[in-house]
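Here's a set of exercises to work through with the model open next to you. Try each task before you read its solution.

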Amino acid sequence: MHQRRPIQLAVAAIPLVGWLCLNAQNSPDFARDIQPVFEKSCYSCHGEKLQSAGLRLDQKQSALAKLVPGKSAESVIYKRIAGVGNLARMPMGGTLSETQIAAVKSWIDAGANWPDNVASTTPKKKHWAFIPPVRPTFPTVQNAKWVRNPIDRFVLAKLESEGLAPSAEADKVTLLRRASLDLIGLPPTPEEVEAFLKDKSPAAYEKQVDRLLASPHYGEKWARHWLDGARYADSDGYEKDKPRFVWFYRDWVINAFNRNLPYNQFIIDQIGGDLIPNATQDQKVATGYLRNSMINEEGGIDPEQFRMEAMYDRMDAIGKGMLGVTIQCAQCHNHKYDPLQQEEYYRLFAFLNNTNEATAAVYTPAEQMKIADILRRTREIDSSLQHRTPDWEARMSQWETSVANNQPEWQVVRPEVDDISTGGQKYIPQEDGSLLAQGYAPTKHTVKLTAKTTLKNITAFRLELMTDPNLPLGGPGRSIKGSGALSEFRVEAAPAETPDKPQPVKMARATADINLPETPLEPVFFDKTDKKRVTGPVEFAIDGKDETAWGIDAGPGLRNQPRKAVFNAAEPITGSGETILTFYLKQNAGGWNSDDNQNNNLGRVRLSVTNAPDAAADPVPVNVREILAVPRAQRSPAQVQTVFTYWRTTVPAWKDENDTIAALWKQHPEGASQMVLNERAKTRETHQLIRGDFLTPGKLVTGGVPSFLNPLPADAPVNRLTFAKWIVARDSPTTARAFVNRLWQAYYGIGIVETSEDFGTQSSPPSHPELLDWLAVEFMDRNWDIKAIQKLILTSATYRQSSNVTPELLSKDPYNRLLARGPRFRVDAEIVRDIALSTSGLLTDKVGGPSVFPPAPGFLFLPPTSYGPKVWNESTGEDRYRRAIYTFRFRSVPYPMLQTFDSPTGDSSCVRRARSNTPLQALTTLNEPLFIESARALAARTLSEGGTSDAQRLNYAVRRVLSRAPSTAEAAELLQLLTKEQARFSDGKRNPRELAGVDSPQAAAWTAVARVLLNLDETITKE
């Protein structure tokens, strides 16, 4: 509590009189008399870095909101500095002089004139990270012979200024192991070590670096670093935490590193790849970077709220992962420390806000070749038909004329949704009268939709199933394949004057543009009953049976299309006035577990009515109808071919060709799904949100960038592609710095700037600022070549130093910020596991592909540990021993081994992992199933390949795990352990099968030794 001061108005009048006498000839001047007072005494709490109570006295608009020009007695600012009232007097921790208070009072009473162009009297020095880097001059060093490349000059200059000298070069085995762990995340094999030791050429080490950079495992190692910042995971997060299948993005990152995609293009593809002209599948997949956000599909949620949460997450990922700037503060208010205004945050936000939450079908290269072959052979058949039928255009025109006006007039109804009937799913009205299903996806429900119509003598109802980019694979359904099924379609009708007396409408028949044969529901939709559940023709939607449903899944390549069904009433619905129609869409073709993507719901629906007799579903596809509306002379060749492709199917004489093409399309690969971005056709407005609340939009904003960073390119379109190019523009002050700093962090355990996610004014200062700028400029000048910068780092004398440390050096530089020695720290979680698999010979070399399910405790995936039951089908064969980067990652149930070694969960962007050291880690490497299996495999390999004597075998095992031979003392200790364990397993005290998996005391003893080797600190440490 602040002590209240007695109010002494009379005292304040004395200095006011004196001030007025001194300035009788001059009006109060803001720049001369007032601004210096604010700057000196007020800006620390109410300035650029901090805005207590939301007040900024360095901004005219904010300050004038607390003033009443001409009336100082009513002005909050004056009352606070003068101590008038019961509030604490300002400034905190002191008071203004009486002359200063009088000056402020007089200025307010004179009208508080504040010119727009007043400059600060205190020159502001721009923060170093917000100034584009320039190539610094090389510092002078005394020990120039030590320098191998420019990196060393900057490091050595710092060391010499601290009175230190660099360490000796590490031995060749240590150096190769260090480089192998750094570049591919795997230790070198004994054969690789031997080859390096035998190579006496001056370029021997450089050749090893080149070999490792060219390895396909390089991409796996470095993709893992990027995926942390991209918050990659295989599930949605939140309560449901449903599995998602987005491994194509992970593969894209791996391949991008392997092919050394320039970093600027790497960024452009991930932010705006879909907007690149003639974008490839890879460029579209790359936008998964922004789609890696969590998705909430709990019951009752507002989908827009969590779309906005995902937007905030995308902004955070760009800030941390690309710009190296913490921008999330400005979601709710101006940044308290960096010069980022809230409006500027939402101008950045606007670039990302005009996208669909899309999921695309994606295919491997082999599958793409298969699709290309299907299309080629289809075109060949079409061309042959056209060649053999010279009058095909005339015949097609004749057909077009016959179908141009053969559809009845339909009146779209806009029903209201009975929220209780939705099962928690949200039906969001669209401008065209359709309803888009979003949010929670129940596996079974019957939605009730009520609409009014003035149409008389209604004879039929049309249900349109519409595609939408926000549905899985574009819809029209909500299953993970974008399909859906309708169990029953029912309608009730009532006169508006007696709404409480609805009558069921009996359906006479149903037609649809697709009627598939009766097919059992897929196993994924199993509902724990013994009922025979099938999909099939549209008649199944009016047969009164819950076990049957109208199905629309025509198979891969054909399923994601709009569909139509028409239901004809047995008797017209008559009435003199308005009619209330109640529609019931029963969707019971889902499975039992809504937490495992088992819904089979309709995704976007539109209802219409007609009074035309004998209405039927239009067999002509929607896209063909749209082309028919275009005058023939204005159609493109592609449009003409699209019409021909459909018309061909209506020609009886071409049945054989149509059957051949249909058979070809049955060979279409299933493909996979990938969450991507694509641009909305209609621009979505972006507002500055008051306190970051999506329910309280404020000022309308358009795309723009913060004034303290580089400007947007002139005359460029305001879209995501321009935004992406802005991030990697040559004059960007932070982008190149942030990335080379992350590279440095990966090699040395700590970045040149320790706070690698934050280069702002509150960041830690760079340990070697000139080196950071040199690396950033060199990176850009080398065309953003990631491998080239890494090779510079690895071939420097700095990197080659021994990691041995003296007590004096440890005391002076515990975190190796001065770089007087080589790096030494525990490898990351994934590599801990990969080392065990690799050295044991179990590791699968396959690169890329779907996520896998290595052994994990079953209880983790069942309640109460998990909110709902999760599927974890333990992998067998080669998938069991894939690298840890491919392990399926549930956000709410992290894989235990990886979590123990500090792997992030993917909830948010992480560009700097924590590194802990706990007893649980040792217990993991001793007892976790894959580590036991690795120990068994290493033991078996040692016995089969290690030689004939125990000494030879031990030497073999140690070299596989540690890359070096054991010392005499180590060998003696381990051989003693071997003898002891063999005796224990031989005398019946222990069952060898329990440890080794086989009835062999020798195998069990060697498994015990292998466990020790895999559990050594040196095994999982880069040094």
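**Exercise 1. Find the loop that holds Asp241, and say what stands out about its backbone.**

Solution. Start with the place: Asp241 sits in the loop between H11 and helix H12 (247–258); helices (H or I, at least four residues) and strands (E, at least two) are DSSP runs, numbered from the N terminus. Next, look at the backbone: Asp241 isn't a glycine, yet its phi is positive, about 50°. For background, most residues other than glycine have a negative phi, and most peptide bonds are trans.

Before going on, a word on the ground rules: this is a predicted model, where local features need pLDDT of at least 70 and side-chain atom pairs count only at pLDDT 80 or more, while totals for chains, interfaces and linings use all residues. Residues are numbered from 1 along each chain as its sequence is written, and side-chain values use heavy atoms, with hydrogens and water left out.

**Exercise 2. Locate the cis peptide bonds that lead into Pro91 and Pro476.**

Solution. Take Pro91 to begin with: its cis bond is with Met90, at an omega of about 0°. Pro91 is in the loop between helix H5 (76–82) and helix H6 (98–109). Now Pro476: the bond from Gly475 is cis, with omega near 10°, and Pro476 belongs to the loop between strand E7 (458–465) and strand E8 (485–486).

**Exercise 3. How do H24 and H25 pack, and through which residues?**

Solution. Get the geometry: helix H24 (residues 735–748) and helix H25 (residues 769–781) pack at about 110°, with axes 9 Å apart. Axes here are lines fitted to C-alpha atoms, for helices over the stretch in contact, and angles run from 0 to 180 degrees between N-to-C directions. Then classify: H24 and H25 are therefore roughly perpendicular (under 35 degrees is roughly parallel, over 145 roughly antiparallel, 65 to 115 roughly perpendicular, the rest oblique).

Now the contact (heavy atoms within 4.5 Å). H24 brings Ala736, Arg737, Phe739, Val740, Asn741 and Trp744, which meet Leu771, Leu772, Asp773, Leu775, Ala776, Phe779 and Met780 in H25. Sort the contact of H24 with H25 by class and you get ten nonpolar, one polar and two charged residues. The classes: Ala, Val, Leu, Ile, Met, Phe, Trp, Tyr, Cys and Pro are nonpolar, Asp, Glu, Lys and Arg charged, and the others, Gly among them, polar.

**Exercise 4. Do the same for H18 and H21.**

Solution. The axes of helix H18 (residues 365–388) and helix H21 (residues 637–648) come within 11 Å and cross at roughly 80°, which makes H18 roughly perpendicular to H21. Thr378, Asp382, Leu385 and Gln386 of H18 make the contact with Gln641, Phe644, Thr645 and Arg648 of H21. By class, the contact of H18 with H21 has two nonpolar, four polar and two charged residues.

**Exercise 5. Which strands are at the edges of the sheet E3-E6-E16-E9-E10?**

Solution. Read the order: the five strands form an open sheet with antiparallel pairing (two strands pair if DSSP finds at least two bridges between them). Strand E3 (416–417) and strand E10 (503–504) are the edges, as each pairs on one side only. Zoom in on E3: two bridges join it to strand E6 (residues 445–453) in the antiparallel sense, and Val417 stands opposite Leu449 in E6.
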